[in-house]
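Trainee: I'd like a close look at one part of this protein, the helices and whatever they pack against. Could you walk me through it slowly?

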Amino acid sequence: MERDVSDTDSAAGTTVTGTANAALPANGNDVGCGTRGVKLAAAGVSKRFGGFVALRDVSIQVRERTIHSVIGPNGAGKTTLFNCLTGVVPPTSGVVMFEGRDITRMSVHRRARCGMARSFQVTNLFQNLSVIEGLRLAAQAKTGLATFDFFRPKERLVRAMSDAESVLAQLSLERWRDIKAGELSHGQQRILEVGLALASGSSTLLLDEPTAGMGVDDIEIMKQLVVALSRDHTIVLIEHNMNVVLNISTTITVMHQGSVLVEGPPEVVRSHPDVKAAYLGREC
Ligand SMILES: Nc1ncnc2c1ncn2[C@@H]1O[C@H](COP(=O)(O)OP(=O)(O)O)[C@@H](O)[C@H]1O
Ligand SMILES: [Mg+2]
């Protein structure tokens, strides 16, 4: 199914890429971050695990304040791409740019400080904290305070608490403000995970299957939340639920066997013959 062509149809707004985009320059100024509106970009990113190629020459441009979804079957390389974008694993080759800066070798921690957040897992520490305490901690991280700094300036604490309260309202979790995160339903925990990234003050949120394991009601809440956040955040979304993807995405990148197969707006991706044949295989 791998293609040997790189063909852009600008009128339709769709790009079909394959191995031929190896010709893309590995220079930050040429990957689109110099272009107004591109927040996050990967150019020619490949990732090998030993002899296995998990990502093959992947290029993606995420525009500011859009919902850019990445879809594809299990093993397509979606999470590996997220890991390369967020610094969890270094790409074997290629360039990652954020707000015009080459961040390819930047640590996860420094990327987070630049405003790029991957949703936290509500585990360990957060499980035993109340919802509002977890959000306050995340908001505190934004102010640069160490968690156990006993000499915290009062106004920073007040600010962190007020930010936490405002995120709590955005999540519609006010009723659960003081209960332990570990006692929330699965769906609510996943919503809180997005909230923790949000409270950290990041401009760009990377969400890996935020609706996984959710019931229909929670999926709808998550969908509305992501749409609301995209008004002042850039969202990169890995999502299996095609109803969610086709409904809320600005742009969809379809991955297959480590490569980008098709990219474009939902209406183009939805009717693209390769996508229909390889991924959807059904009415959607
Ligand atoms: N750390 C790793 N070591 C070896 N292989 C890996 C590693 N991470 C991912 N892979 C492999 O890379 C491929 C892509 O995985 P992944 O990015 O998780 O896909 P997706 O998120 O699209 O399901 C899979 O075949 C997976 O087994
Ligand atoms: Mg994955």
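Mentor: Here is a walk through the helices, beginning with the whole chain and then going piece by piece.

Keep in mind that this is a predicted model. The protein has 284 residues, and 43% of them count as buried. Its secondary structure amounts to 10 helices and 12 strands. If you take the contacts with a separation of 6 or more, 66% of them come from residues 24 or more positions apart.

Let's start with helix α6, residues 186-199, and its partner α7, residues 216-229. How do people describe a pair like that? Two packed helices are described by the angle between their axes and the distance between the axes. For α6 and α7, the axes come within 9 Å and cross at roughly 10°. An angle under 35 degrees counts as roughly parallel, and therefore α6 and α7 are roughly parallel to each other. Their crossing is right-handed.

Now look at who touches whom. On the α6 side you'll find Gly 187, Arg 190, Ile 191, Val 194 and Leu 198, and they meet Asp 218, Ile 221, Met 222, Leu 225 and Leu 229 in α7. Sorted by class, the residues of this contact are 7 nonpolar, 1 polar and 2 charged. Check the numbering on each side with this in mind: an α-helix has 3.6 residues a turn, so residues three or four places apart point the same way.

α6 has another partner, helix α5, which covers residues 154-170. Here the angle is about 145° and the axes are 10 Å apart. This crossing is right-handed too. From α5 come Asp 163, Ala 164, Val 167 and Gln 170, while α6 brings Gly 195, Leu 198 and Ala 199. That contact splits into 4 nonpolar, 2 polar and 1 charged residues. Leu 198 is worth marking in your viewer, as it turns up in the contact with α7 and in the contact with α5.

Before leaving this corner, find Gly 213, in the loop between β9 (204-208) and α7. Is Gly 213 buried or exposed? Gly 213 has 10 C-beta neighbours inside 10 Å, so it counts as exposed. Gly 213 also lies 7.7 Å from His 186, C-alpha to C-alpha, though 27 residues separate the two in sequence.

Next, go to helix α1, residues 78-86. Of its 9 residues, 7 are buried, so α1 is largely enclosed by the rest of the structure. The buried ones are Lys 78, Thr 80, Leu 81, Asn 83, Cys 84, Leu 85 and Thr 86. Just after the helix, Gly 87 takes a positive phi of about 90°.

α1 also takes you to ligand 1. The shell around ligand 1 is made of Phe 49, Phe 52, Ala 54, Gly 72, Asn 74, Gly 75, Ala 76, Gly 77, Lys 78, Thr 79 and Thr 80. Both β4 (52-63) and α1 supply at least two of its residues, and the largest share, 3 residues, comes from α1. By class, the shell holds 4 nonpolar, 6 polar and 1 charged residues.

One last stop: Leu 85, one of the buried residues of α1, sits 8.5 Å from Met 97, C-alpha to C-alpha, and the two are 12 residues apart in sequence. Met 97 is in strand β6, residues 93-98. Since 24 C-beta neighbours lie inside 10 Å of Met 97, it counts as buried.

How values were computed: Residues numbered from 1 in each chain as written. Chains lettered and ligands numbered in written order. Predicted model: local features only at pLDDT ≥ 70, side-chain atom pairs only at ≥ 80, totals over all residues. Axes fitted to C-alpha atoms, helices over the stretch in contact; angles between N-to-C directions. Helix = DSSP H or I, 4+ residues; strand = E, 2+ residues; numbered from the N terminus. Parallel < 35°, antiparallel > 145°, perpendicular 65-115°, else oblique. Left-handed = near helix turned anticlockwise from the far one by under 90°. Contact = placed C-beta atoms within 7 Å. Nonpolar A, V, L, I, M, F, W, Y, C, P; charged D, E, K, R; others polar. Near = placed C-beta within 6 Å. Buried ≥ 20, exposed ≤ 12 C-beta atoms within 10 Å, placed from the backbone.
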